[in-house]
Amino acid sequence: MTLKTAGIQIPFHRADLGEEEIAAVTEVIRSGWLTMGPKTIQFEEEFARYVNAPHAVAVSSCTAALHLALDAIGLRPGDEVLVPTTTFTATAEVMTYLGCRPVFVDVDPETLNIDPRDAEQRITSRTRAIIPVHLAGQPCDMSEIHALAEQRNLRVIEDAAHALPAAYRGKPVGSLSEFTAFSFYATKTLTTGEGGMITTENATAADRMRMMRLHGIERDGWKRYTAEGSWHYAIHEAGYKYNFTDLQAALGLVQLRKCDAMWQARRHIAERYTRAFQAAEGLQPPIVRKDRQGSWHLYVLRLNLEKLAISRNQFIDQLAQRGIGASVHFIPLHLQPYYQREFGYRPGDFPNAESQYVRSISLPIYPTMSEEEVEQVIDAVTSMANHAMRPSPVGQHATAPTA
Ligand SMILES: Cc1ncc(COP(=O)(O)O)c(C=O)c1O
């Protein structure tokens, strides 16, 4: 998919899809079996192996994956779940499906990931779970999060929508916690158009999620139209229509085999960006912790606003004028009307999230970017930043203006 608007030569995202994907999907069409079936099972098995997880359940989206995990831990109305305010609405919206309350947590201003110390302050007698989000694909501090979860009896569901492939202290994301939810949305590092996966080490939860993704029908309900299946089926719960399809699985299997190569290509771009941007005083490249390997789904550059006479929004507009697409991840959820109205959040509640939001820009980073395109982005960003530097007062160092 190319996210293109008028005048944009380097879109924010362009999917890496080719003849192999086309052939794989064509094969499924010719097979006559389009919905969840043998290809989905194969994709689940290969995905589980790739992230070293005992169980993987393919679903229609990461949102569905998060919802099914919350259902599997038996969340009840009125329960609370900790989530960072810097995330996409899906992470928090799913708990409202179950009558639960999203409790927002501030982020580490360096990594933009959930701050475990702030999370601890927000635990109450109703807190049941924590959803760390690996923002941009850099894993959260999972050892601190697991220690907190153990001490305070919280279930851990990782939102790894951005984090394929990623690793924390040498272990792949997907194998670290009780649950991990992945996204295969059109712009993600592995795409099936729409789609998601939930990995788990909990066999009972895996069985329940397999049942709940298809109307609460027993585990192998999808087989009822196959030669080996039976017309008879039993409904055990009021489930959901969250199943995957073999068309998506065919795409996913090809993408999974390309996943490492696509990661290497993004990492190469990230290295080039960081080398160029760290030399510019007005720019702050992403801060990467040594014990983690990020997926580089996003490259979140931060503007050193104290030194620049340009706002983040103006910077994005100027990039667009130079033909470069950019985005922002994310507008903190506590600034959104829905969460303010329903849960009483207010501007100023999460100072780190807000101060980083106003300086963040996500730049294009995807395997189909050419070396020239990467160079064009580097030239545009560095020249705009250098041009926008505030003059230092004579005889003094530049000082930060008051807000
Ligand atoms: C952090 C995060 N979590 C969850 C999601 C939801 O993913 P999906 O679109 O597959 O439901 C997204 C989607 O962009 C996301 O960025």
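This report walks through a predicted model, from its ligand site to its helices, loops and backbone.

## The ligand site

Start with the ligand. It sits in the largest pocket. Around the ligand stand 15 residues, and the closest are T63, D159, H162, S183 and K188. The shell is mixed in character: six residues are nonpolar, seven are polar and two are charged.

Several polar atoms come close to oxygen atoms of the ligand. A polar side-chain atom of T63 lies 2.5 Å from one ligand oxygen atom. For H162, a polar side-chain atom lies 2.8 Å from an oxygen atom of the ligand. C62 takes part through its backbone: an N or O atom there lies 2.9 Å from a ligand oxygen atom. How much of the ligand does the protein bury? Taken alone, the ligand exposes 390 Å², and the protein buries 92% of that. Two elements give two or more residues to the shell: α3 (62-72) and α4 (89-97).

## Helix α3

Helix α3 deserves a second look. This helix is mostly covered, with nine of its eleven residues buried. The buried residues of α3 are C62, A64, A65, L66, H67, L68, A69, L70 and D71. C62 thus appears twice in this report: C62 is buried in α3, and a backbone N or O atom of C62 lies 2.9 Å from a ligand oxygen atom.

Now look at the two ends of α3. At its start, a side-chain oxygen of S61 reaches to within 3.3 Å of the backbone nitrogen of T63. Just after α3 comes G74, with a positive phi of about 75 degrees.

## Two buried residues: T200 and L298

Find T200 in strand β9, which covers residues 196-200. Is T200 buried or exposed? T200 counts as buried because its relative accessibility is 1%, and the cut-off for buried is under 20%. The side chain of T200 has polar partners in the backbone. One is the backbone oxygen of E178, which lies 2.7 Å from a polar atom of that side chain. Another is the backbone nitrogen of N202, which the side chain of T200 reaches at 2.9 Å.

L298 belongs to a loop, the one between β11 (292-293) and β12 (299-303). L298 is buried, because its relative accessible area is 4%. Compare its place in the chain with that of I8. The two residues are 290 residues apart along the chain, and their C-alpha atoms are separated by 19 Å.

## Two arginines in helices

R210 lies in helix α7, residues 203-212. With 12% relative accessibility, R210 counts as buried. The side chain of R210 is joined to the side chain of E44 by a polar contact of 3.1 Å.

R117 lies in helix α5, residues 116-121. R117 is partly exposed, because its relative accessible area is 48%, and partly exposed means between the 20% and 50% limits. R117 and D106 are eleven residues apart in sequence, and their C-alpha atoms are 9.3 Å apart in space.

## Unusual backbone angles

First, some background. Most peptide bonds are trans, and most residues other than glycine have a negative phi. Several places in this model differ.

Which peptide bonds are cis? One joins L164 and P165, with omega about -5 degrees. P165 is found in the loop between β5 (155-159) and β6 (167-168). Another cis bond runs from H329 to F330, with omega near 0 degrees. F330 lies in the loop between α9 (312-321) and α10 (337-343).

Positive phi values appear too. N153 is not a glycine, yet its phi is positive, about 60 degrees. N153 lies in the loop between α6 (142-152) and β5. N153 is exposed, because its relative accessible area is 66%. R169 also has a positive phi, near 45 degrees, and is likewise a residue other than glycine. R169 lies in the loop between β6 and β7 (171-172).

How values were computed. Residues numbered from 1 in each chain as written. Predicted model: local features only at pLDDT ≥ 70, side-chain atom pairs only at ≥ 80, totals over all residues. Heavy atoms only, no water. Near = heavy atom within 4 Å. Polar contact = N/O pair within 3.5 Å; in protein donor to acceptor, adjacent residues only side chain to side chain. Areas by Shrake-Rupley, 256 points an atom, 1.4 Å probe, with all protein chains shown as cover. 1 Å grid on protein atoms, 1.4 Å probe; cavity = no way out; pocket = protein on both sides within 12 Å on 5 of 7 lines; lining within 4 Å. Sits in = over half its atoms within 2 Å of the grid points. Helix = DSSP H or I, 4+ residues; strand = E, 2+ residues; numbered from the N terminus. Nonpolar A, V, L, I, M, F, W, Y, C, P; charged D, E, K, R; others polar. Buried < 20%, exposed > 50% of the residue type's maximum accessible area, 1.4 Å probe, protein only.
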